[in-house]
Structures are given as structure tokens and as C-alpha cells.
Amino acid sequence: MAVSLVADLLHYLAQRGCDIDALLREAGIVRADLADPEGRIPSERKARLNAAAIRATGDPDLGLHMAESVRAGSLGLLSFVLMTSEDVAELLTLGARYFGLLMAGGRYAVHREANAFVLSFEQEPGILCPQFDEPRYIVESALLSAVRQVDFMTARVVPPRLVTFRHPEPATGSAEHRRCFGAPIVFNAPANAVHYSASSGSIPVRGAHAQLNATFRQQADALHALLQQSGGVAERARRVVAVHFRGAIPRVQIVAAELGMSARSLQRALAAEQVTFSSLVDDVRRELAVGLLRQRGTRVTEVAFLLGFQESSSFTRAVRRWTGRPPSALRESGATSQ
């Protein structure tokens, strides 16, 4: 996740009066991680920050409100690609192509229909953070952020014809969705998508500049290739490890086989990303432990067994090392946030 997006979220949460230092501690993010505006925050830490933010604000529609607060030009290199695009259709197409510059774990796609063009968004398979009680946050934030970028870059409001979501209508209703998107909303739909009229695609972008756009796209292509090269294997391995925690620690041979690699090749690829297999497993183990302990009705002994601990005492020591608190404290904090 790009540091610029995390900074926007923190800016919004500060305006809401949240304790930013406390939220960063809970997410495992230190201030130094935010110093480089072109830097990146591991996706699992951003997910923990999302979950902590929802708990701190008590706002089930935080994804919408966060997207509303995203500032123009805060997307780093991608902002320059978007603001020099020719029109709305190209803006959304390039945004979908280069979304990986901002974060992993999701993808946009653009396709045309008879009388419309459609921007869709899907979350990619990955680690599910059990402590993240509102997974719709990601989808709703992603789609509204795209709508907001269209408005920013055209200097006008370009309302969608329709917005659809795969998830059901929230218990809090859809009034906030209709207000934010300025369009009819349909839940339990086949896709997460924003539908624009065909004519909207030809609305010009106010900073359109073909030569500059070509230059920015070259830079974006180079950065995209670098990010894929440096971060892909660890992220995929992390997902496989999470799936295979079933009462034992996943072996490197099993994870490598799932990735179509030998164990030695996997370890070399991880080393190139400055990650060891044991540290990766420990990181996923911590993520799952914290999330499961915060779920209502879970028992410490059950979580310890699931994550491959032979004794509850060793699990307790591990949780203290990860969080500075015993498992019982995490269970109590999860119960109070329900």
C-alpha cells in the first residue's frame, strides 16, 4: 500500500479526533515508515490500520468517508498519469492499469457496454484479516475513490448512472452510498462496478497533455515492473501460508509446490526481497492469532492448536512477544469492540 494513501487515511482520522499514535501501534506501523511519500506499507499492516480505524471511529461507512476525503494529487506518480490523460475513458483505463502502484490485493477493469462503459473492482485472493469486521470497506472505498478522481481531473461532477456491489445492503442502509455516489445503488449484484453513460467517457480531462502523459506512463511502467519483481513472491507465499495453517506450521516444500517452485528457489526469491521463510510464517501466524482471538467465542486453546502450538504456554509467550499483551487481553478487547 502506497504511503500516500495511508497518509490520507491518517489525515482524515486526525480530523475525527482519533489517537493516531495508538492506531499506528495497533497496526504495527512506525512514523519512520511514513517518511517517504513514495514508499509502501505492507498490505497486512494497512488492513490492521483499517480495522483499528473502524473500531476507533465506530463508523461502518468509513470506506466511503475515507474516499471522500482523498486529496487531489495524493496518488504519487499515478496522479500525474491521470491528470494528463485525454478524457474520462482514458483516465479510468490507465487508473486500472497502474493501480498496482498504490496497493496489492485488488484490481480494476474497464469494459464497454451498448450505452455505457463500466469500471469494475474485485479483491484478489489473499490473507483475510479476521479482525477486519467490515470487508466492504475496501470495495466501497475503491469505487468511490475512482469516482472522486474523475471529478478532480475533469473539474466537474460526472455522476455515474448506476453503482453495484456484490455484498448485501448494510444494516445501516444505503442512504450514505446514494449521497456519496450521487447515483442509484444496487446490492447483491453480479459485480462491484460503477456504470457511466457512454458520453461521459469523452469528457476531457482539464490537464490533458499527450506528451507528458507518455512520459509519466513510461515512468509508471518502470515502477510497476520493479514492484512486481520485488514484492510478488513474498505476497503470494504469505497467502499460501495463511491457507495452510491447520494445526501445524506449513512446510516450505508445500508452499513452494503451490507456487510452482522448488523449496530452494522459493527461499532464494524471498531472500532477494529481504524476507526469510521463517519470518514470513511468523508474521502470518501473528496476523491470524490476533484476528482469531478477537473473534467472539474463540478459545485460546483452539487458536493455539490451529496455529501449530503444542502447548498453550508457548502460544501465550508468542502472543506477548507479538503484541505485548496476553491472549486474554486480546479476547477482551475483541469482545468490547463487537
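How many of the 19 residues of α7 are buried? In this predicted model, the count comes to 18 of the 19, so α7 is largely enclosed by the rest of the structure. The helix runs over residues 136-154, and its length works out much as it should: from the first C-alpha to the last it reaches 28 Å, close to the 27 Å expected at 1.5 Å a residue.

Things change just past the end of this helix. A155 comes right after α7 and takes a positive phi of about 60 degrees, and it does so as a residue other than glycine. A155 sits in the loop that links α7 to β3 (162-164). Is A155 buried or exposed? Its relative accessibility is 53%, and exposed means over 50%, so A155 counts as exposed.

Stepping back to the whole chain, there are 15 helices and 5 strands. Of its 338 residues, 51% count as buried. The accessible surface adds up to about 15900 Å², with carbon and sulfur atoms supplying 53% of that area. As for how the chain folds back on itself, take the contacts with a separation of 6 or more: 68% of them join residues 24 or more positions apart.

A word on confidence. The average pLDDT over the chain is 83, and 87% of the residues score at least 70. Residues 126-133 are one stretch where the pLDDT is below 50, although in the model this stretch has 22 contacts beyond near neighbours in sequence. Residues 334-338 also have a pLDDT below 50, and here the model shows 5 contacts beyond near neighbours in sequence. Where pLDDT is low, the predicted coordinates should not be read in detail.

Another helix with a lot of cover is α12, which spans residues 277-293. Of its 17 residues, 14 are buried, so α12 too is largely enclosed by the rest of the structure. Its geometry checks out: at 1.5 Å a residue the helix should span 24 Å, and its end C-alpha atoms are indeed 24 Å apart. One partner of α12 is helix α14 (residues 312-323), and the two pack with their axes 11 Å apart at an angle of about 100 degrees. Angles of 65 to 115 degrees count as roughly perpendicular, and α12 and α14 are therefore roughly perpendicular to each other. On the α12 side the residues involved are D282, R285, R286, A289, V290 and L293, and they meet F315, V319, R321, W322 and T323 of α14. The spacing of residues along such a face has a simple background: an α-helix has 3.6 residues a turn, so residues three or four places apart point the same way.

At the other end of the chain, helix α1 (residues 3-15) and helix α2 (residues 20-27) form a second pair. Their axes come within 10 Å and cross at roughly 135 degrees. That angle falls short of the 145 degrees beyond which helices count as roughly antiparallel, and α1 and α2 are therefore oblique to each other. L10, L13 and A14 of α1 make the contact with I20, L23 and L24 of α2.

Two residues show how this N-terminal part ties in with other parts of the chain. D8 lies in α1 and has a relative accessible area of 1%, so it counts as buried. Leaving out residues up to four places away in sequence, D8 touches M66, V70, R71 and S74. The second residue is A52, which belongs to helix α3 (residues 43-57) and is buried as well, at 2% relative accessibility. Setting aside neighbours within four places in sequence, A52 is in contact with L23 and E26. The C-alpha atoms of A52 and A22 are 9.2 Å from each other, with the two positions 30 residues apart along the chain.

The loop between β4 (185-186) and β5 (193-197) also deserves a look, and N188 is one of its residues. N188 has a phi near 55 degrees, which is positive in a residue other than glycine. At 56% relative accessibility, N188 counts as exposed. P190 belongs to this loop between β4 and β5 as well, and at 70% relative accessibility P190 is exposed too. P190 and H167 are 23 residues apart along the chain, and their C-alpha atoms are separated by 9.4 Å.

How values were computed
Residues are numbered from 1 along each chain as its sequence is written. This is a predicted model: local features need pLDDT of at least 70, side-chain atom pairs count only at pLDDT 80 or more; totals for chains, interfaces and linings use all residues. Side-chain values use heavy atoms; hydrogens and water are left out. pLDDT is the predictor's confidence in each residue, from 0 to 100. Contact means heavy atoms within 4.5 Å. Helices (H or I, at least four residues) and strands (E, at least two) are DSSP runs, numbered from the N terminus. The expected span of a helix is 1.5 Å times one less than its number of residues. Buried means under 20% relative accessible area, exposed over 50%, partly exposed in between (1.4 Å probe, protein chains only). Accessible areas come from the Shrake-Rupley method with a 1.4 Å probe; for residues, only the protein chains shown count as cover. Axes are lines fitted to C-alpha atoms, for helices over the stretch in contact, and angles run from 0 to 180 degrees between N-to-C directions. Angles under 35 degrees count as roughly parallel, over 145 as roughly antiparallel, 65 to 115 as roughly perpendicular and the rest as oblique.
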